[in-house]
Amino acid sequence: MTLLPCHRRLVLTGFMGAGKSTVGRMLAGRLGWEFLDLDALIEAQAGKTIPAIFAAHGEPHFRMLESQTLATTLGRNHIVLALGGGAPENLTNRLLLEQTPGTATIFLDAPFSVLIDRCLIQALPPEQNLSNAAPPPLLAQSRPVLADLEAAEARFRVRHPIYRRLAHHTIQTAELSTEQTVAAIVSKLGPVRAPVQP
Ligand code: S3P
């Protein structure tokens with residue numbers, strides 16, 4: 001896929017720990033586009049963190065906010081949008097992504113064990129080393145869906161073929177740094193011209 005003038009937004013998907021936000025921010029910088037993180041938009045609108053939304057209102061309420069926020073965000077142009085890992089599981093969200101003209105979707109893939117290790121590293125306070133960590137409670141503080149790792153792995157298995165089917169491109173990220181992942185995406189997009197202003 002070449003980045004054509006008709007492409008107005010790039011959407012990054014993948015499970016938790018895939019690097020959607022880190023890669024998305026750097027990719028947006030390369031393209032001169034705006035970076036948006038769906039979870040951050042939901043948090044800003046709700047005035048609560050994602051774990052607080054889950055705790056106060058439950059996952060179904062979070063999923064409703066996620067769909068509403070996705071629908072409004074897809075109206076914006078020249079954006080790189082990082083989705084939450086669960087967003088593509090919802091059929092309405094998939095239809096929105098597939099049917100909004102000018103939207104290209106990129107799946108950042110890695111094995112479940114690699115993703116969980118990355119989530120754990122992100123969740124650790126800087127002074128704590130991995131051997132002292134109590135993984136599930138620590139992980140759940142920032143990502144409620146990781147409170148039960150067996151259930152999280154089952155979600156991963158359900159979602160993996162969905163991410164693949166939805167994506168215009170899949171990037172295997174397990175062995176790549178953020179910079180290398182961005183370079184791999186840019187190479188799939190074809191020649192990237194001078195930054196396009198929104
Ligand atoms: C979720 C992933 C999270 C966030 C929420 C639920 C999921 O986003 O949307 O905690 O169901 O996979 P990240 O993938 O950015 O961690």
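Where does Gly85 lie? Gly85 is found in the loop between β3 (79–82) and α5 (91–99). Keep that spot in mind as you go through the views below, and remember that this is a predicted model.

**Figure 1. The whole chain, with its nine helices and five strands.** Start here to get your bearings. Read from the N terminus, the elements of the protein chain follow the order β-α-β-α-α-α-β-α-β-α-α-α-β-α. The protein chain has 198 residues, and 47% of them count as buried.

**Figure 2. The ligand and the 13 residues that surround it.** Look for Lys20, Asp39, Arg63, Arg143 and Arg159, which are the closest of these residues. What kinds of residues make up the shell around the ligand? The shell divides into five nonpolar, three polar and five charged residues. The space that the ligand takes is the largest pocket.

**Figure 3. Close-up of ligand oxygen atoms and the protein atoms beside them.** At Arg63, a polar side-chain atom lies 2.6 Å from an oxygen atom of the ligand. With Gly85, the backbone takes part: one of its N or O atoms lies 2.8 Å from an oxygen atom of the ligand. Gly86 also has a backbone N or O atom to look for, this one lying 3.3 Å from an oxygen atom of the ligand. How much of the ligand's accessible area does the protein cover? On its own the ligand has 380 Å² of accessible area, and the protein covers 94% of that.

**Figure 4. Gly85 in its loop between β3 and α5.** Here we return to the residue from the opening question. Is Gly85 buried or exposed? Gly85 counts as buried because its relative accessibility is 7%, and buried means under 20%. Now find Gly14 as well: Gly85 and Gly14 are 71 residues apart in sequence, yet their C-alpha atoms are 5.5 Å apart in space.

**Figure 5. Gln141 in helix α7.** This helix spans residues 135–142. Is Gln141 buried or exposed? Gln141 has a relative accessibility of 58%, so this residue counts as exposed; the cut-off for exposed is over 50%. To finish, try tracing the chain from Ile50 to Gln141: these residues are 91 residues apart along the chain, while 9.7 Å separates their C-alpha atoms.

How values were computed
Residues are numbered from 1 along each chain as its sequence is written. This is a predicted model: local features need pLDDT of at least 70, side-chain atom pairs count only at pLDDT 80 or more; totals for chains, interfaces and linings use all residues. Side-chain values use heavy atoms; hydrogens and water are left out. A residue is near a molecule or strand if one of its heavy atoms lies within 4 Å of it. A polar contact is a pair of N or O atoms within 3.5 Å; within protein, one must be able to donate a hydrogen and the other to accept it, and residues adjacent in sequence count only if both atoms are side-chain atoms. Accessible areas come from the Shrake-Rupley method with a 1.4 Å probe; for residues, only the protein chains shown count as cover. On a 1 Å grid over the protein atoms alone, a cavity is a set of points where a 1.4 Å probe fits but cannot get out, and a pocket is an open set with protein on both sides within 12 Å along at least five of seven lines; lining residues have an atom within 4 Å of a point. A molecule sits in a cavity or pocket if more than half of its atoms lie within 2 Å of its grid points. Ala, Val, Leu, Ile, Met, Phe, Trp, Tyr, Cys and Pro count as nonpolar, Asp, Glu, Lys and Arg as charged, and the others, Gly among them, as polar. Helices (H or I, at least four residues) and strands (E, at least two) are DSSP runs, numbered from the N terminus. Buried means under 20% relative accessible area, exposed over 50%, partly exposed in between (1.4 Å probe, protein chains only).
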